[in-house]
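Subject: Handing over the structure

Hello,

I am passing this structure on to you, and I hope you enjoy looking through it. Below it I have written up what was found.

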Amino acid sequence: KSAIARRHVSAAVRQLFDNDLSTVATRMQVSQTWEDVVLPDEVIDSIVDVVNRISYRNEVLGDWGFGRKVGKGHGLVALFSGPPGTGKSMVAGLIARELGLDLYVVDLSRITSKWLGETEKNLARAFDAAEAGHVLLLFDEADSVLAKRSADMKGANDRYANLETNFILNRLEWFSGVAILTTNLEGNFDPAFRRRVSLHAQFPFPDEGQRARLWAAMLPREAPRKGPIDCEELA
């Protein structure tokens, strides 16, 4: 008899929760590696923090007893902010692969419904599956569902939007899974959301030196070349 490996457990969990997740999210795999990541040292440190916090949370919260001291959710909610194309979603995929988790990208266009209560029901499926399985949830452009709540409600749309934001904030407060939210518009978030974030990493637009490293990383070794390519000139 062969020993049960982590991949067997992950496959079993995926079978249990894939039906619920597939209604609101899409499973994503990245083709890149950590060698393709070009970011400032402080952002790399934040990424390492995410990996370590997830890797050791059972030991720290369980074996070391810190879970008894934390009254709310034991999950991790990270916010990645920055301009488009700076690697936020790619890094989320690499973190999931590093930890042996399946990455599911929540499709906000699929979960938003005009019917009162339907959006919350769709979101609840994603949160429940993430808490129960080996899943990392990625909310891309999350500011669209976590925008600042309106105090001046002029109609039903404002009231429903506030209800959706309240629901998500409450779930994040008690969330025990792993979720990464990305945004290009950090200022659009409701202020209460920031209190639910375990870690915030800002992905800056790459400077000239980083752009040169990105060009070098993006050129496959097997690609035919007529001569040397000046990545500094391209940057």
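Let me start with one residue as a way in. Isoleucine 54 sits in helix α2, and its relative accessible area of 12% makes it a buried residue. If you leave out its neighbours within four places in sequence, isoleucine 54 is in contact with Leu76, Leu99 and Val178. The last of these comes from far along the chain: isoleucine 54 and valine 178 are 124 residues apart in sequence, yet their C-alpha atoms are 7.9 Å apart in space.

Please keep in mind that this is a predicted model. The average pLDDT over the chain is 80, and 77% of the residues score at least 70. Where is confidence lowest, and where is it highest? The low end is helix α5 (residues 108–111), with a mean of 64. The high end is helix α10 (residues 231–234), with a mean of 94.

Now for the overall picture. The chain has ten helices and six strands. It is made of 235 residues, and 40% of them count as buried. About 13,700 Å² of the chain is exposed, with 51% of that area supplied by carbon and sulfur atoms. Contacts between distant parts of the sequence are easy to find here: among those joining residues at least 6 apart, 79% link residues at least 24 apart.

On to the interior. In soluble globular proteins, nonpolar side chains tend to be buried together. In this model, the largest nonpolar core has 28 residues, and the ones that touch the most other members are Phe80, Val91, Ile95, Leu136 and Ile180. Several elements give two or more residues to this core: the helices α2 (41–55) and α4 (88–99), and the strands β2 (76–81), β3 (102–106), β4 (135–139), β5 (178–183) and β6 (199–202). Helix α4 gives the most, with seven residues. There is also a second, separate core of 25 residues, which includes Val77, Ala129, Leu169 and Ala192.

Phenylalanine 80 deserves a look of its own. This residue is in strand β2, and it is buried, with a relative accessible area of 0%. Which residues does phenylalanine 80 touch, not counting those up to four places away in sequence? They are Lys88, Val91, Ala92, Ile95, Ile180, Leu181, Thr182, Thr183, Ala201 and Phe203. One of these partners, threonine 183, is 103 residues away in sequence, while the C-alpha atoms of the two residues are 6.6 Å apart.

Next, the charged pairs. Side chains of opposite charge can pair when their charged atoms come close. How many salt bridges does a search of the whole structure find? The search finds two.

One of them joins the side chains of aspartate 102 and arginine 27, at 3.2 Å from N to O. Aspartate 102 is in strand β3 and arginine 27 in strand β1 (residues 25–28), so the pair links distant parts of the chain, 75 residues apart. Aspartate 102 is buried, at 10% relative accessible area, whereas arginine 27 counts as partly exposed, at 35%.

The other is between arginine 171 and aspartate 128, whose closest N and O atoms are 3.0 Å apart. Because arginine 171 lies in helix α7 (residues 156–173) and aspartate 128 in helix α6 (residues 118–132), this pair ties together parts that are 43 residues apart in sequence. Here arginine 171 is the buried partner, with a relative accessible area of 16%, and aspartate 128 is partly exposed, at 41%.

Helix α9 (residues 208–218) gives two more places to visit. Glutamine 210 is in this helix and counts as buried, at 12% relative accessibility. Beyond its neighbours within four places in sequence, glutamine 210 is in contact with Val38, Leu39, Pro40 and Phe205.

Tryptophan 215 is found in helix α9 (residues 208–218) as well, but it counts as partly exposed, with a relative accessibility of 37%. Together with Ile229 and Leu234, Trp215 forms a nonpolar patch on the surface, and the three share about 270 Å² of accessible area.

Happy exploring, and best wishes!

Terms used
Residues are numbered from 1 along each chain as its sequence is written. Side-chain values use heavy atoms; hydrogens and water are left out. Patches are made of residues with over 30% relative accessible area and no salt bridge: like charges are joined within 9 Å, nonpolar side chains (Val, Leu, Ile, Met, Phe, Trp, Tyr) within 5 Å. Accessible areas come from the Shrake-Rupley method with a 1.4 Å probe; for residues, only the protein chains shown count as cover. A salt bridge is a side-chain nitrogen of Lys or Arg within 4 Å of a carboxyl oxygen of Asp or Glu. Helices (H or I, at least four residues) and strands (E, at least two) are DSSP runs, numbered from the N terminus. Buried means under 20% relative accessible area, exposed over 50%, partly exposed in between (1.4 Å probe, protein chains only). A nonpolar core is a set of buried Ala, Val, Leu, Ile, Met, Phe, Trp, Tyr and Cys residues joined through side-chain atoms within 4.5 Å. pLDDT is the predictor's confidence in each residue, from 0 to 100. Contact means heavy atoms within 4.5 Å.
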